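Biologist: Please take a close look at one part of this model, the end of one of its helices. Then work outwards from there and describe the surroundings and the chain as a whole.

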Amino acid sequence: MTNTVLIIDFGSQVTQLIARRVREAGVYSEIVPFNQAEGAQERLSPKAVILSGGPASVTEMGTPRAPEWVWASGLPVLGICYGEQAMVEQLGGGVEGGHSREFGRAEIEVTADCPLFEGVWSPRDRDQVWMSHGDRVTGLPEGFEVVAVSEGAPFAAIANEERRFYGVQFHPEVVHTPRGAALISNFVHKIAGLPGDWTMAHFRTAEITKIREQVGTSRVISGLSGGVDSAVASVLIHEAIGDQLTCIFVDHGLLRASEAEEVVEMFRGAYNIPLVHVDARERFLSALDGVADPEKKRKTIGGLFIEVFEEEAGKLGGAGFLAQGTLYPDVIESVSFTGGPSVTIKSHHNVGGLPERMNLKLVEPLRELFKDEVRVLGRELGLPDAFVSRHPFPGPGLAIRMPGEVTVEKLEILRKADQIYLEEIRKADLYNEIWQAFAVLLPVRSVGVMGDSRTYDYVCALRAVTSMDGMTADYFDFSHEFLGRASTRIINEVNGINRVVYDITSKPPGTIEWE
């Protein structure tokens with residue numbers, strides 16, 4: 001990619017948001033751990049550098065630093081939180097711990113004009129930002145000036161305009177700094193001089209060329225899960241290499257209502273993509289018989305998926321590549337910023353070690369994209385918006401939305417309840433306001449009265465959350481009228497449920513899914 005902004009990660013929990021803000025400004029960006037930044041200059045030829053925040057302290061020995069080429073390159077540099085402190089310390093300024101800490105919302109006062117603030121703030125303006133630091137800058141390197149202060153950070157923003165070095169103690173990448181995205185846009189456009197011309201159409205064209213070069217004349221197999229990521233990856237690869245791609249859709253019987261039929265129709269009908277549809281419902285339900293532990297359920301489903309997929313791939317024969325819908329957050333999470341052992345990638349992106357078992361190379365055309373960018377690419381490729389905009393769905397499917405054993409009866413009850421719930425959400429025009437919504441069939445029964453008869457049926461829990469990225473989430477604030485309508489329909493139309501409750505737990509402390 002040309003016109004790349006390199007983000008050097010010092011271990012912040014929100015480094016991904018920096019990349020998102022840069023890309024939202026129409027500029028391509030990549031994140032590398034600080035200990036891999038040495039080779040990134042040659043690989044990427046970046047036009048600007050951003051240094052992330054991080055949990056360490058520059059006052060301690062052995063903590064992360066930026067490579068020396070950053071300061072000698074002549075490139076514009078923006079340091080955020082720990083990144084500002086690393087910049088100051090490495091260039092001869094002072095950073096100390098033990099001062100007043102700032103965590104959460106804070107107010108800064110702008111003290112000087114600065115290209116970073118152009119069109120956003122003027123001297124004497126005050127505005128909200130988000131702070132998260134214990135150390136603070138106490139002395140500036142030569143050539144720097146203070147351009148903003150806060151109560152706990154007398155060097156809340158600093159600038160060396162001659163060298164185009166800028167530092168902010170706050171986090172402009174988070175939504176709690178309302179004007180933060182505009183500051184990042186100023187850095188990449190006004191200071192670095194980069195055009196905002198990185199679009200999904202450009203990505204599509206470049207990725208098709210890359211796929212063709214990587215694959216050549218080899219055959220590729222893709223495992224369709226029924227979800228957005230694997231579908232978008234498969235359609236993009238098919239556009240690149242045509243019938244060299246074959247998709248394998250393993251129907252494990254744990255999908256939502258009509259989902260399997262929709263996937264088959266879309267791939268075979270609308271896109272005419274070679275597709276092997278494996279009806280493995282009985283095998284999966286048999287393997288899950290008597291299994292109640294959630295982790296054992298996941299492992300059972302994952303292991304059997306590998307087994308079935310491997311069988312079908314063996315029948316095809318001759319494939320050299322396996323396509324996966326790996327996304328950029330999974331790539332980032334798989335690399336420890338300290339250089340230690342990698343964390344485990346989510347099982348549905350790792351396909352359980354299939355590449356190694358089957359001696360296949362990987363094709364991962366989405367590995368540079370975030371989830372929302374995948375949706376944009378899906379629309380660019382012509383996938384139906386109703387499909388592209390679907391809420392996330394877990395690999396183990398409905399099996400982890402029914403705590404306890406999985407049975408045919410319980411699956412049918414849950415499918416109907418979930419279908420009604422989503423119908424009501426769409427009727428109320430709320431679907432796109434919600435990150436994820438679903439029904440859960442609880443492993444308890446309650447006494448009820450229907451007509452003059454006593455019932456003893458399952459309890460259904462409804463869950464809906466808002467979120468930016470799934471890392472944190474809050475419950476969606478439905479009206480009581482909506483919840484009443486959904487509850488009434490579920491109880492009246494679904495045999496086996498006589499009570500409905502709504503889950504108002506945030507994440508943390510809870511998770512989005514129940515298992």
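Modeller: Just after helix α10, G317 takes a positive phi of about 70 degrees. The model is a predicted one, and this angle, like every other value here, is computed from it. The helix that G317 follows, α10, covers residues 294-316. Its 23 residues should span 33 Å at 1.5 Å a residue, and the end C-alpha atoms are 33 Å apart, so the length agrees with expectation. At the start of α10, a side-chain oxygen of D293 reaches to within 3.2 Å of the backbone nitrogen of E295. Between the two ends, the buried residues of α10 are K297, T300, I301, L304, I306, V308, F309, E312 and A313. An α-helix has 3.6 residues a turn, so residues three or four places apart point the same way. Steps of that kind occur in the list, for example from K297 to T300 or I301, and from I301 to L304. The charged residues K297 and E312 are included among those buried.

A positive phi also follows helix α5 (residues 180-191): the residue is G193, with a value near 70 degrees. Helix α5 has 12 residues and reaches 15 Å from its first C-alpha to its last, close to the 16 Å expected at 1.5 Å a residue. G180, L183, I184, N186, F187, V188 and I191 are its buried residues. The cover over them includes β1 (4-9), α1 (15-24), β3, β4 and β11.

Three of these covering strands, β3, β4 and β11, are linked by pairing. Strand β3 (residues 48-51) runs parallel to β4 and is joined to it by three bridges; in this pair, L51 has G79 of β4 as its bridge partner. Four bridges join β4 to strand β11 (residues 165-168), again with the two running parallel, and here L78 is partnered by Y166 of β11. In a regular strand the side chains alternate between the two faces of the sheet. In β4 (residues 77-80), V77 and G79 are on one side and L78 and I80 on the other, and all four are buried, so both faces of the strand are covered.

Helix α1, also part of the cover over α5, contains T15. At 4% relative accessibility T15 counts as buried, because the cut-off for that class is under 20%. Its side chain makes a polar contact of 2.8 Å with the side chain of D9, and a polar atom of the T15 side chain lies 3.4 Å from the backbone oxygen of S12. Leaving aside neighbours within four places in sequence, T15 is in contact with I7, D9, I31 and S52.

As for the whole, the chain has 17 helices and 20 strands. Its radius of gyration is 26 Å, close to the 24 Å that the globule rule gives for 515 residues, so the chain is as compact as a globular protein of that length. Along the principal axes, the C-alpha atoms fill a box of roughly 80 × 60 × 40 Å. Of the 515 residues, 55% count as buried. Among contacts with a separation of 6 or more, 74% are between residues 24 or more positions apart. The accessible surface comes to about 22300 Å², and carbon and sulfur atoms account for 49% of it.

Key. Residues numbered from 1 in each chain as written. Heavy atoms only, no water. Buried < 20%, exposed > 50% of the residue type's maximum accessible area, 1.4 Å probe, protein only. Pairing = 2+ DSSP bridges. Expected span 1.5 Å × (residues − 1). Polar contact = N/O pair within 3.5 Å; in protein donor to acceptor, adjacent residues only side chain to side chain. Rg over C-alpha atoms; globule rule 2.2 N^0.38 Å. Contact = heavy atoms within 4.5 Å. Areas by Shrake-Rupley, 256 points an atom, 1.4 Å probe, with all protein chains shown as cover.
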